[in-house]
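Thanks for passing this one along. Here are my notes, written as I went through the model; have it open while you read.

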Amino acid sequence: MAVVLKSASEIEKMRRAGRVVREVLELARSLAKPGATTMDLEQAAAARIRELGARAAFKGYHGFPAVLCTSINSEVVHGIPSVKRVLKEGDIVSVDCGAVIDGYFGDAAITIPVGERLDPVTEKLLRVTEASLHAGIAEVRPGARLGDVGAAVQKVVEDAGFSVVVDFVGHGIGTNMHEDPQVPNFGERGQGMKLKEGMVIAIEPMVNAGGPEVKVLADGWTAVTSDGSMSAHFEHTVAVTAEGARILTD
Ligand code: MG
Ligand code: MG
């Protein structure tokens, strides 16, 4: 599939979808308290997406059963909300949400600390993962290369002693949730596809406190760290404009 460039009016539609995603993520943040279940987040998100006149992008995507991905602690991505998954003090929960308005998609994720007492390494993991996302975004401009983005993410992560997940990557986005190109969270400066004005990409570092290896559980969805270490995930949908990056999901 070729990379599809978006017009200014298409990017405005994606911005509307991006605002829905942001609102849902902030709702999830407000609800992710000790004693809440990931199904509580799911149900609130589904209701809010409907209220905002959008459609949930993930539900039914390759058979995924929910509006949100909710991934706790050593779960990396694609965790399935459940009434049985009760959040507790010191947990982290990664919440990933996609929404569609008028056929245009937005996609973003945050990792939320549950309660007030995160252990220091986990607190650092969240800080570094979010910083790596913004380091990647800072590289986005016409003429930059995907390798510049990946290298910037990877440097922040590895300088902090953490590992970038390589089995999952970011992606182009537009009238489909996943379009070309793939956007790895690793790479070499000066390598890879050149960014052009009108490209829209989801940059989404997944970062493990331990090693980079992940495995998928028997549910066919939930990816976890192979070594049981904590994992964080932050994502924005970003348009390449003449002025540089424009974040559509903030
Ligand atoms: Mg996402
Ligand atoms: Mg994504």
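The points below cover the metal site, then the cavity, the pocket and one loop residue.

1. First, a caveat: this is a predicted model, so please read everything below in that light.

2. Start with the magnesium ion (ligand 1). Its protein donors are Asp96 (OD), Asp96 (OD), Asp107 (OD) and Glu235 (OE), at 2.0 to 2.6 Å from the ion. So Asp96 appears twice in that donor list. Along the chain, the donors of this ion have the spacing D-x10-D-x127-E.

3. What ties together parts of the chain that are 139 residues apart in sequence? It is the pair of aspartate 96 and glutamate 235: aspartate 96 belongs to strand β4 (residues 92–101), while glutamate 235 sits in the loop between β13 (231–233) and β14 (236–241). Are these two residues buried or exposed? Aspartate 96 and glutamate 235 are both buried, because each has under 20% relative accessible area.

4. There is a second metal to look at here. The magnesium ion (ligand 2) is 3.1 Å from the magnesium ion (ligand 1), and aspartate 107 coordinates both of them.

5. On internal space, I'd keep it brief: the structure has one cavity of 30 Å³ or more, and the volume of the largest cavity is about 30 Å³. Its lining includes Val3, Val4 and Lys6, along with Gly172, Ile173, Met199 and Val200. Strand β8 (residues 179–183) contributes the most to that lining, with three residues. By type, the lining of the largest cavity has six nonpolar residues, one polar and three charged.

6. The largest pocket has a volume of about 420 Å³. Of the 23 residues that line this pocket, His78, Val169, His171, His178 and Glu204 are nearest its centre. Two elements, β7 (170–172) and β8, each give two or more residues to the lining. Here too β8 gives the most, with four residues. The lining of the largest pocket splits into 11 nonpolar, seven polar and five charged residues.

7. Last, a look at valine 166, in the loop between β6 (163–164) and β7. Is valine 166 buried or exposed? Valine 166 counts as partly exposed, because its relative accessibility is 44%. If you want a long-range reference, valine 166 and alanine 36 are 130 residues apart in sequence, with 31 Å between their C-alpha atoms.

Notes
Residues are numbered from 1 along each chain as its sequence is written. Chains are lettered from A and ligands numbered from 1 in the order in which they are written. This is a predicted model: local features need pLDDT of at least 70, side-chain atom pairs count only at pLDDT 80 or more; totals for chains, interfaces and linings use all residues. Side-chain values use heavy atoms; hydrogens and water are left out. Donors are N, O and S atoms within 2.8 Å of the metal (3.2 Å for Na, K and Ca); water is not among the atoms, so sites may look incomplete. Buried means under 20% relative accessible area, exposed over 50%, partly exposed in between (1.4 Å probe, protein chains only). On a 1 Å grid over the protein atoms alone, a cavity is a set of points where a 1.4 Å probe fits but cannot get out, and a pocket is an open set with protein on both sides within 12 Å along at least five of seven lines; lining residues have an atom within 4 Å of a point. Grid points are joined across faces, edges and corners, and a volume is the space filled by probe spheres set on the points. Ala, Val, Leu, Ile, Met, Phe, Trp, Tyr, Cys and Pro count as nonpolar, Asp, Glu, Lys and Arg as charged, and the others, Gly among them, as polar.
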